[in-house]
Each structure stands twice: as C-alpha cells, then as structure tokens.
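Please look over the sequence and the model that follow before reading on. The paragraphs below lead through a few strands and helices in turn.

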Amino acid sequence: MNKLNIARMCFCLLLSLVGIAAYAQDNVIDEVVWVVGDEAILKSDVENERLNAQYEGRRFDGDPYCVIPEDLAIQKLFLHQAEIDSVVVSEQDVLQKVEQQTAWLIDQIGSKEKMESYYNKTSTQIREMLRENIRNGLTVQQMQSKLVGDIKLTPAEVRNYFSKLPPDSIPAIPTQVEVQIITREPKVKQEEIERVKKTLREYTDAIYKGDSFAMYATLYSEDPGSARHGGEYGFTGRGELTPEFANVIFNMTDPKKISKVFKTEYGYHIAQLIEKRGDRVSYRHILLKPKVDEADVNEALEKLDTLANDIRKGKVTFEEAATWVSQDKDTRNNHGLLANPQSSTSRFEMQELAGMISQDVAKVVENMQIGEISKPFTMITAKGKEVCAIVKLKNRIDAHKATITEDYQRLKSIVTAKRSEEKIQKWILEKQKKTYVRINPRWAKCNFKYPGWIKK
C-alpha cells in the first residue's frame with residue numbers, strides 16, 4: 001500500500017467514524033468483527049465506511065466487507081507503532097484540517113443546519129469526532145514517513161527503472177509553467193497601525209476587567225483558523241511559530257497575564273498562555289491586520305506599472321528588478337523565480353500554481369505568452385496579506401510524455417514513491433507476524449491483500 005493509498009484511506013476514514021445518520025437510526029445490533037492487538041473493529045465502523053463510499057460514489061477493489069476491515073486493521077498497525085515510537089502530530093495542523101473538512105461537509109450538504117440534521121449530531125460533536133479521526137490520519141502519515149526514511153536515488157537508478165517500462169506506462173506530464181514575480185506591499189498609514197494597536201489594548205483592558213478572551217477572539221480575531229475556537233491553538237513547538245510569536249509566548253509564565261501588543265508578518269497580536277508542557281505550549285491569541293487605503297494600493301500599482309514599462313523598454317531586466325525592488329523575500333534572491341516545494345523545481349502545473357502560490361497569479365499567467373510581462377495586479381499571499389505584483393512567464397512546457405532529460409525530478413519522485421511503497425508493504429508483513437489478530441469467522445472468508453492476518 002503506497003503513501004497515496006494510505007492517505008486516501010485515512011481521508012475516507014474521516015467520515016466513517018463520524019457515522020451517517022441513516023445508519024445511526026437503524027436498530028442494528030453492533031458486533032466486534034476484527035480485533036487487532038487490543039483494538040476492536042466494529043461492524044458499525046465497516047458499515048459506516050461502506051455507506052460513505054456509496055454516498056461519494058467510490059468503489060472498492062473487491063468485496064467492501066473484506067477491503068474495509070483490512071484497511072482499518074492496517075491503520076491500527078500504524079497507530080500502534082506510532083504510540084510505541086512517541087509520534088505526535090501538531091494540534092495546530094489537526095485544528096486547521098478539522099476546519100477545512102467541516103467547511104467541505106457544509107458545502108457538500110448545503111448548510112450547517114443540514115449537516116447537523118444529516119448526521120444527527122451538533123456541529124461541535126461532528127468537529128470533535130473529526131478531530132480524533134484527522135489526528136489518526138496525520139499520525140499514520142507521519143509514522144509512514146518515519147518508517148520510509150530518506151530514500152536516496154542515483155540518476156542511473158531512475159533511468160534504469162524507466163528504461164524497462166512499456167511505452168504506454170510512461171507517465172503523461174500536464175502543461176507546466178515557470179513564473180517570475182515582483183511584489184510590492186502598499187504602505188500602511190501610521191494612524192491605521194496605531195488604531196489597531198489601540199483596539200488590541202482596549203481588548204486587553206476589558207479582559208482584565210472580567211470579559212472573556214475567547215469571546216473577543218471569536219468575534220474579532222482575523223485568524224480564521226483559531227477564531228472559531230476562541231483564539232485557541234493546541235500544544236505547539238517553537239519551530240511551528242514565527243520567531244516573533246515564539247519569543248513572546250515562550251517567555252510567558254503566568255496564564256492570567258496577557259502579552260503586550262506585538263507584530264509578526266501576519267499583523268498585530270495579543271496572546272495568552274494556557275499551559276506549558278516541556279518544549280510545547282498551548283495558547284490563545286487575537287490577530288488584527290491594519291487596513292490599506294485604496295489610494296495606497298493604487299500608488300503601489302502605478303509604481304509597478306512604471307517598472308514593467310521600463311523592463312519592456314530594456315532599461316532594466318526583470319531579474320535585476322526582482323533582486324533590487326521586489327519585497328517577496330522567498331524569490332528576491334532567485335531573480336524572482338517561483339519555486340515549487342513539492343517537486344523542488346521551478347515548474348508548476350496550473351493547479352499547483354493556484355493552490356501553492358495564488359489563484360490570482362494563476363489567472364494572470366494562464367493566457368500569457370513566454371517572455372510576456374503582466375500588467376500590475378493585486379493578490380492575496382499565503383499569509384493572507386494583500387500585495388501588488390507583476391509577473392513574467394519565463395517558460396511554458398506543453399503536456400507531453402515524460403522524458404529523463406525534461407522531467408527528471410518528476411520521474412525521480414515516482415521511483416521514490418515506488419521504493420516507499422515497497423518499504424511500507426514489507427513493514428506491514430513483518431508487523432502482522434508480531435500482532436495479535438482475531439477475525440470473526442463470518443468475516444474471514446476473504447482474499448485479503450495481506451494474507452498474514454489469519455495465522456495457520
């Protein structure tokens with residue numbers, strides 16, 4: 001089972017343990033169908049997953065009453081090993097995915113009220129169950145990464161693997177682009193900064209007088225991920241926070257105190273320590289972002305428009321301008337060239353460009369010609385900040401069959417995934433031998449992917 005399949009399995013399990021209202025309303029007597037170690041797999045677990053698959057239009061490669069419990073059993077093997085190895089996932093990542101998954105459910109079903117009616121649970125109950133399931137899914141992924149380790153391949157190994165593939169098995173590569181960018185942040189007036197700071201100090205005074213920090217965070221914080229939870233994040237390590245935020249929260253000792261107003265790249269904050277556990281802290285915070293005047297945005301756009309014209313006239317190159325002018329620290333020292341963190345190259349499929357960088361950039365680039373420089377436009381960065389930008393389409397690589405010369409990194413990642421899959425499969429087979437497994441006889445007449453479940 002490769003990483004993609006495990007991740008897909010874990011995603012599918014998110015809903016399965018929540019339970020579908022239609023099944024919940026059936027008067028079916030539950031029973032234990034598998035036991036893996038000291039963990040039980042219930043008939044209701046399997047049935048919920050089958051109904052979810054039916055709802056989503058998913059099909060199983062075989063009898064669902066064989067495939068589903070085996071997938072659940074594999075998940076339990078990874079979770080058991082994660083407990084032994086003290087693998088812990090970030091509560092911040094869990095909460096973020098809970099919010100994403102809840103939003104997806106609401107979008108699919110139609111409204112929060114319909115979601116609650118469909119599952120016969122309150123939204124709080126749904127979130128709590130999703131929280132545990134998502135934590136399990138992330139734990140499985142992290143445990144897999146630890147088991148696989150760092151796979152190193154030589155170019156010769158990659159070439160050898162693909163030289164043996166039949167032509168119809170060589171992967172197709174969608175259209176990709178290489179994009180350079182220059183950004184400028186519109187100036188924020190000092191009086192606006194002072195207004196934000198004053199507002200946060202007023203919140204602090206009100207909280208010290210007895211008001212709830214969580215209430216102010218829910219009502220006013222501009223961090224959507226934590227505002228829904230009263231500004232609270234679960235236990236977080238120093239490395240997961242910006243340096244400025246970490247310096248404040250890790251130096252706090254009294255949960256009754258509120259920090260002074262401080263600045264990060266996201267905006268201005270006040271924070272409150274909830275609890276410290278070793279090198280991790282739990283905290284809540286309120287984020288406010290100074291607003292930019294339309295006149296200041298227009299001024300930044302005009303400056304970029306002038307710069308773009310100078311580049312077109314040959315007065316300066318895009319690369320020079322990106323190095324000297326751009327305020328995008330991630331690309332400034334790379335001549336403005338955007339880097340794809342997934343492939344470790346500068347190539348993006350259009351969906352990747354929209355998802356990783358900005359939908360605004362993807363829309364502008366889509367119809368550009370190679371070498372063309374865009375008109376200035378506004379975009380929202382991954383940090384939620386509005387900036388002004390111009391882009392240059394450096395290259396477009398049309399859809400094609402993969403080749404070693406053009407697509408080495410992509411092909412290397414395919415071989416790496418294959419090696420990872422082999423390691424994971426070997427681990428599952430070894431773990432099976434050392435784990436107590438009991439299967440209800442009525443559920444044992446299956447052609448399992450891993451036959452070692454039934455000891456002979």
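Two strands are said to pair when DSSP finds at least two bridges between them. In this predicted model, strand S7, residues 267–277, meets that condition with S8, since the two are joined by 9 bridges and run antiparallel. Within this pairing, Ile270 of S7 has Ile286 of S8 opposite. The two strands make up a hairpin in which 2 residues lie between them, and Gly278, in the turn, has a positive phi of about 60°.

Strand S8 itself covers residues 280–288, and 7 of these 9 residues are buried, which leaves the strand mostly covered. Another partner of S8 is strand S5, residues 232–237, which is antiparallel to S8 and joined to it by 4 bridges; here Glu232 has Arg284 of S8 as its bridge partner.

From S7 and S8 one can pass to helix H9, because both strands are included in what covers the buried residues of that helix, as is helix H10, residues 213–220. Helix H9 runs over residues 190–208, and its 19 residues reach 27 Å from the first C-alpha to the last, close to the 27 Å expected at 1.5 Å a residue. Its buried residues include Ile193, Val196, Leu200, Tyr203 and Ile207. In general, an α-helix has 3.6 residues a turn, so residues three or four places apart point the same way. Just after H9 comes Gly210, with a positive phi of about 125°.

A further group of strands forms an open sheet, with 4 strands in the order S9-S4-S11-S10 and antiparallel pairing. At the edges are S9, residues 348–349, and S10, residues 377–380, each of which pairs on one side only. Between S4, residues 176–184, and S9 there are 2 bridges in the antiparallel sense, and Gln176 of S4 has Glu349 of S9 opposite. Helix H13, residues 294–312, packs on this sheet and touches S4, S10 and S11, its direction making about 30° with that of S11.

The last stop is a pair of helices, H5 with residues 91–109 and H6 with residues 112–119, whose axes come within 8 Å and cross at roughly 90°. Because angles of 65 to 115 degrees count as roughly perpendicular, H5 and H6 are therefore described as roughly perpendicular to each other. On the H5 side the contact is made by Thr102, Leu105, Ile106 and Ile109, and on the H6 side by Lys112, Lys114, Met115, Tyr118 and Tyr119. The residues of this contact divide into 6 nonpolar, 1 polar and 2 charged.

Note on methods. Residues numbered from 1 in each chain as written. Predicted model: local features only at pLDDT ≥ 70, side-chain atom pairs only at ≥ 80, totals over all residues. Heavy atoms only, no water. Buried < 20%, exposed > 50% of the residue type's maximum accessible area, 1.4 Å probe, protein only. Axes fitted to C-alpha atoms, helices over the stretch in contact; angles between N-to-C directions. Parallel < 35°, antiparallel > 145°, perpendicular 65-115°, else oblique. Contact = heavy atoms within 4.5 Å. Nonpolar A, V, L, I, M, F, W, Y, C, P; charged D, E, K, R; others polar. Expected span 1.5 Å × (residues − 1).
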